[in-house]
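Reader: I'm new to protein structures and would like to learn how to read one. Could you take me through it feature by feature?

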Amino acid sequence: MISEYLETFAGLPVTDFATSGTDASDLPPADAVAWRLACGWDDDLPFDELWRNFLETVPADRVRAIVIGSWWGEEGYESVQPVLDRLTKSAERLPALRSLFLGDVTGEECELSWLEMADVSPVVEAYPLLEEFVARGCGYRGDDGGLAFSPVRHERLRTLRFESGGLPASIVRAVCDSELPRLEHLALWLGVDHYGGDATIADLAPLLAGGRFPELRHLGLQNSEIQDEIATAVAAAPIVAQLASLDLSMGTLTDAGAEALLAGQPLTHLMLLDLHHHYLSEKLAQRMRDALEPRGIEVDLSEQQQPGRWAGDESNEEHRYVAVSE
């Protein structure tokens, strides 16, 4: 579960914009913080009014980073589409915006699978100078909507991250089909099939083949129930040679996946291999450390998990869980 709000974003401290009674003279400089806008359950001010107050109070032309928190009110959970519409229509008023986080919501407020997302690509396209974009939410609602993304061409985007308990294969394919010549950091929380995470190794193949994102230095293929398959594919993937850090954390990685990594192409050029939240035996975890840490590579093997069994399951089958699903 995602349990805490962001404290920093884009290298800036996150500051909440109050829903009412805000005096411009009491605010920090517009470009010194990442502005967080969120509606609480008890707020009388709907998001559209909060957004209007923000643009009228803060020097919008100097805002560098925005974090969108909860956007619903007394009527309950609502689609993020109206928020996306406001962001898109306000692009001319926010010429300095470089970083945008959509969905800074904790599990206590709303489970990840309940966040009613929409197609976020128009927002990315509306800000041609945007350098960092993060979207949090699931896409399992199918015909009823859900998190979506279409292939884009963007000359400035350096960081793209989808945090999901179930990332649809259509989003993975759209990312692979996008033209992002300056992309340096890509992270995909793939999630589980039950919540729409139906991406396969075939969907990831164009990305793993390399050549699509020449500036990519960090790749995260995380939070997946097919983590062993991903590790096996990554072990021979051409893209690995250009990376400085590789993140295969938060999923169901077992000894089989770790063995594939150890037997595959050299990883000694990496600065970081992140495998936290894993199901490796202590023996395999130590082999991984012994192979890489003497070469100066940081290996994160924290949060070792143990398989569980469902009560009443006569098969006594072991079950492994990703870090974030519902």
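Author: We'll go through cysteines, a pocket, salt bridges, rings and backbone angles in turn. Before that, you should know that this is a predicted model, where local features need pLDDT of at least 70 and side-chain atom pairs count only at pLDDT 80 or more, while totals for chains, interfaces and linings use all residues. Residues are numbered from 1 along each chain as its sequence is written, and side-chain values use heavy atoms, with hydrogens and water left out.

Reader: Okay, cysteines. How many disulfides are there?

Author: A disulfide is a pair of cysteine sulfur atoms within 2.5 Å. By that rule, the count here is 0.

Reader: Why does C39 have no bond to the closest cysteine sulfur?

Author: The closest cysteine sulfur to that of C39 belongs to C110 and is 14 Å away, which is too far for a bond. C110 has its own closest cysteine sulfur in C138, but at 9.8 Å that is also too far.

Reader: Are C39 and C110 buried or exposed?

Author: Here's the scale: buried is under 20% relative accessible area, exposed is over 50%, and partly exposed is in between (1.4 Å probe, protein chains only). C39 counts as buried because its relative accessibility is 3%, and C110, at 2%, counts as buried too.

Reader: Next, pockets. What is the volume of the largest pocket?

Author: Think of a 1 Å grid over the protein atoms alone: a pocket is an open set of points with protein on both sides within 12 Å along at least five of seven lines, as opposed to a cavity, where a 1.4 Å probe fits but cannot get out; lining residues have an atom within 4 Å of a point. Points are joined across faces, edges and corners, and the volume is the space filled by probe spheres set on them. For the largest pocket, that gives about 380 Å³.

Reader: Which residues lie nearest its centre?

Author: Those are R161, E163, W189, Q222 and M250, out of a lining of 20 residues. By type, the lining divides into 8 nonpolar, 6 polar and 6 charged. For that split, Ala, Val, Leu, Ile, Met, Phe, Trp, Tyr, Cys and Pro count as nonpolar, Asp, Glu, Lys and Arg as charged, and the others, Gly among them, as polar.

Reader: Which strands supply at least two residues of that lining?

Author: Helices (H or I, at least four residues) and strands (E, at least two) are DSSP runs, numbered from the N terminus. Strand 7 (159-163), strand 8 (185-191) and strand 9 (218-224) each supply at least two lining residues. Strand 8 gives the largest share, with 3 residues.

Reader: How many salt bridges does a search of the whole structure find?

Author: You look for a side-chain nitrogen of Lys or Arg within 4 Å of a carboxyl oxygen of Asp or Glu. The search turns up 14 of them. Take R136 and E163, whose closest N and O atoms are 2.7 Å apart. This pair links distant parts of the chain, with R136 in strand 6 (residues 132-136), E163 in strand 7, and their positions 27 residues apart. R136 is buried at 5% relative accessibility, and E163 is buried at 4%.

Reader: What about D203 and R173?

Author: Their side chains meet in a salt bridge at 3.0 Å, N to O. D203 is in helix 5 (residues 201-208) and R173 in helix 4 (residues 169-177), so the pair ties together parts 30 residues apart in sequence. D203 is buried at 11%, whereas R173, at 40%, is partly exposed. There is also a network: salt bridges that share partners join D16, R36, D104, R136, R161 and E163.

Reader: And rings? How many aromatic pairs are found?

Author: Rings of Phe, Tyr and Trp (its six-membered ring) pair if their centres lie within 6.5 Å; planes under 30 degrees apart are stacked, over 60 edge-to-face, and the rest tilted. The search finds 9 aromatic pairs. With centres 5.8 Å apart and planes at 35 degrees, the rings of W51 and F54 make a tilted pair. W51 and F54 both lie in helix 1, 3 residues apart, about one turn of the helix. Both W51 and F54 are buried. Ring pairs also link F17, W35, F47, W51 and F54 into a cluster.

Reader: Last one: which sign does phi have in N223?

Author: Most residues other than glycine have a negative phi. N223 has a positive one, near 60 degrees. N223 lies in strand 9 and is buried, at 0% relative accessibility. E303 has a positive phi of about 60 degrees as well, although it is not a glycine. E303 sits in the segment after strand 12 (298-300) and is partly exposed, at 46%.
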